[in-house]
There are 2 protein chains.
Amino acid sequence: MNVEILCVGTEILLGDIVNTNSAFLARELASLGANVFHQSVVGDNPKRLKECLKLAIDKNDLVITTGGLGPTCDDLTKETVAEVFNRKMIKDDNSLNRIKEYFAKSGREMSVNNEKQALIPEGAVTLENNNGTAPGILIEDKNNNKTLIMLPGPPREMERMFKESVAPYISKRTGKTLVSSTVHIFGMGESAVEYKLRDLMNSLTNPTLAPYAKEGEVQLRITAQSDTKENAKSMIQPIIEKIKSIIPNEYIYGIDIGNLQTALVKLLNEKNMKIATAESCTGGLISKRITEVSGSSNVFECGICSYSERIKNKALKVDNNLISKYGVVSEEVAKAMAEGVRKFADSDIGISTTGVAGPTGATDKTPIGCVYVGVSTKNKCYATKLNLSRGKNDERELIRYLASSNALYIALTELKNN
Amino acid sequence: MNVEILCVGTEILLGDIVNTNSAFLARELASLGANVFHQSVVGDNPKRLKECLKLAIDKNDLVITTGGLGPTCDDLTKETVAEVFNRKMIKDDNSLNRIKEYFAKSGREMSVNNEKQALIPEGAVTLENNNGTAPGILIEDKNNNKTLIMLPGPPREMERMFKESVAPYISKRTGKTLVSSTVHIFGMGESAVEYKLRDLMNSLTNPTLAPYAKEGEVQLRITAQSDTKENAKSMIQPIIEKIKSIIPNEYIYGIDIGNLQTALVKLLNEKNMKIATAESCTGGLISKRITEVSGSSNVFECGICSYSERIKNKALKVDNNLISKYGVVSEEVAKAMAEGVRKFADSDIGISTTGVAGPTGATDKTPIGCVYVGVSTKNKCYATKLNLSRGKNDERELIRYLASSNALYIALTELKNN
């Protein structure tokens, strides 16, 4: 089943609001096994809307529109659809009663133009709006086997109506289910991953395998399609095994785990261990990411952002002589910071960052992007030197983010291996 | 000038990411005086992309694409555009050198398929990518007076390239110069702001005035159009004065200041004062935001993320009796945390957060979204209670973000008034 999503609304066209409706519908439709090859946005203009509708209906089995069902004279999706399908507009008594009830319940006055919301194209079916006034409308052209569904624009109304009325309708028509899994990779670039997996990707049709790059990480998404969820699931595992035989194990940090911080918090919980952070250049980003994860309070108690040398010494007991001898951005200071916070917090592992995020503060020895990540456990203490610059302007935030990701990854690797 | 926005990418088509690029481009194009009547999304599929491109070029003066410029074999926007425009693909030495430099600087290995990013359609012009490897491409068909501009998909790369290369190109073609200023508002909702300013907004045509809501903030954007930059600029100040006469002063935290953390760091620098943070529910987000600002090291030395009661006591000297008497999420503990970190860091002001971000941890007295922000200076100590829940699912990150924004705003207000 091929579906097109057509969002109607001048406020999306002008960029006043971000089009989250398209993303919601696309995701839901994909999980129902429908193909979406095209999404469009058009304003509240009958001529251009008509053109878009005709094109979309011509190329697809189902077209879903959002928006333009409101009570104002700008809202003309229904009227335009009725024209395209050659139907008259008729009053739907059932909808009119529901709208009247809705206003009576909320104690607001119903204005005359709300009655417009009860008009529907002849032969269409209404879909109940349990979060607002405008009903959805489903219209089938049985001769050409084309269906058009109109949903309201406000996400709260649209999403609920989709789940309650549209999803069951589509499932019934396609009889298909899709399941997907994500393999999370860190430390290997998108092109390198793609290069290694190209033959495998090209050889697959169902399941499919696709890489997505995301700020220093690569996610591999495997999607299988079958008649039942169980059958689709069973098709995925062999692909994961193949990926594991091609991508070295150290780069794969989890399957369907979400992100680095979730993987780390999960592993700490499993091991019943606690982590503490000492941050300089990342400024609190690592502790922010760890505490993003609900339940992190079991494994994280203390993060110290020691942005100055004075606080590195005062809070983390980093020896001032160490700082003057090796410099504040150094392996030795990173190690001392990790050790200092682990001891202060009485945790099982301490991690630290010290580096140059730029745009100022660079020296010959420590250029922009030079970051040390320190690790301290009861048995060992070490630091890793990273070069995170991509040589661009405005990369302060990117360097900080990559530094935090590397620190999370290094902690995860340390805990996995020991 | 009629422009169509065409976003290329299977991840948008599948709803894996929300299409913020369209919204950004639509808004920027509107402010440049260009008309956008249609936006489309299509996957990385040459046949369907070709169809969309042809339609878009046929109906518009300028088509802007995003995405599909990456190094993998999925990325085929350039090749497809070259076909539509009947051009060969040639190697652009300048781009190849830039990509090589990029990899050399970051010490990563350049894989063979990165060379693909240096191929461009014959006769096209490249646009510098100052945040990544893929250059943008501008291609003009002078016979038919059609232009197509290809931008990379990652928002960081695309937005910068638009501002640096595309906006000046469009300005030059339309012969118009636009200047805009932003008034930053915190603590007042979008509809309240809009209600107060509705008459002013409706009365204006040049300059224009438009509100944008952004995670708890409202930005008012004033855009003036004239023949020269100076003339356009001079039209803006009277509108700012009018806004100031309508919106109470306490809600306006700056003009063209970027964001709350930049305003705060700037004011601390001007006053030659230092701030320290003690964070519980925000988990380091406040210190992360402060240290985002280059030059923050002059005003910020120490942030303590005390996620457990034990660390609140050990690092911040919060009395355990206070915690057991009032609860850890309370006015008293927020005050003690702010006081504790100010004294430890020997700073001029200390700010703190303690609250319930959810989804767990709520009690009758402290439901999800209940957050206290504490402030301590040499002369006073107080805490503000906030209710930051919007009653939605998955609002942990939103609550944390709003808590950090409120803390920054409260610190800024305290420093302004004293």
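Biologist: What makes you say that strand 2 of chain A and strand 2 of chain B pair, and in which sense?

Modeller: This is a predicted model, so take it as such. Two strands count as paired at two bridges or more, and strand 2 (residues 35–42) of chain A has five bridges to strand 2 of chain B, in the antiparallel sense. One place to look is Val41(A), which stands opposite Gln39(B).

Biologist: How many residues are in contact between chain B and chain A?

Modeller: On the chain B side 64 residues are in contact with 63 residues of chain A. Elements giving two or more residues to that side of chain B include helix 2 (20–31), strand 2 (35–42), helix 11 and strand 14 (300–306). The residues on that side divide into 24 nonpolar, 27 polar and 13 charged.

Biologist: Why is the ten-strand sheet called open, and which strands stand at its edges?

Modeller: The order is 17(A)-16(A)-15(A)-13(A)-14(A)-14(B)-13(B)-15(B)-16(B)-17(B), with mixed pairing. Strand 17 (381–387) of chain A and strand 17 (381–387) of chain B are at the edges with a single partner strand each, so one side of each has no neighbour in the sheet. On average, neighbouring strands are turned by 15° against each other, direction ignored.

Biologist: How do you know that strand 15 and strand 16 of chain A are partners there?

Modeller: Again the bridges tell you. The cut-off is at least two, and strand 15 (residues 349–355) of chain A is joined to strand 16 (residues 370–377) of chain A by seven, running antiparallel. Ser352(A), for instance, stands opposite Gly374(A).

Biologist: What packs on that sheet?

Modeller: Helix 10 of chain A does, touching strand 13 (275–279), strand 14 (300–306) and strand 15 of chain A together with strand 14 of chain B. Its direction makes about 150° with that of strand 13 of chain A. Helix 11 (residues 309–316) of chain A packs on the sheet too, touching strand 13 and strand 14 of chain A together with strand 14 of chain B.

Biologist: Why is helix 10 of chain A called mostly covered?

Modeller: Eight of its eight residues are buried. Among them are Lys288(A), Arg289(A) and Glu292(A), along with Leu285(A) and Ile290(A).

Biologist: And over in chain B, how do you know whether Ile290(B) is buried or exposed?

Modeller: Count the neighbours. Buried takes 20 or more other C-beta atoms within 10 Å; Ile290(B) has 29, so Ile290(B) is buried. Ile290(B) sits in helix 11 (residues 285–292) of chain B. Leaving out residues up to four places away in sequence, Ile290(B) touches Gln261(B), Leu264(B), Val265(B), Ser296(B) and Phe300(B). Leu264(B) is 26 residues away in sequence, yet 8.0 Å from Ile290(B), C-alpha to C-alpha.

Biologist: Why are helix 9 and helix 14 of chain A called roughly parallel?

Modeller: Helix 9 (residues 260–271) and helix 14 (residues 396–417) of chain A pack at about 30°, with axes 9 Å apart. Angles under 35 degrees count as roughly parallel, and therefore this pair earns the name. The crossing is left-handed. Residues making the contact include Leu264(A) and Leu268(A) of helix 9 and Leu408(A) and Leu412(A) of helix 14. The contact residues divide into ten nonpolar, two polar and two charged.

Biologist: Which strands form the four-strand sheet of chain A?

Modeller: The order is 10-11-9-12, with antiparallel pairing. Strand 10 (208–214) and strand 12 (252–255) are at the edges, each with a single partner strand, so each has one side without a neighbour in the sheet. The twist averages 25° from one strand to the next.

Conventions
Residues numbered from 1 in each chain as written. Chains lettered and ligands numbered in written order. Predicted model: local features only at pLDDT ≥ 70, side-chain atom pairs only at ≥ 80, totals over all residues. Axes fitted to C-alpha atoms, helices over the stretch in contact; angles between N-to-C directions. Parallel < 35°, antiparallel > 145°, perpendicular 65-115°, else oblique. Left-handed = near helix turned anticlockwise from the far one by under 90°. Contact = placed C-beta atoms within 7 Å. Nonpolar A, V, L, I, M, F, W, Y, C, P; charged D, E, K, R; others polar. Buried ≥ 20, exposed ≤ 12 C-beta atoms within 10 Å, placed from the backbone.
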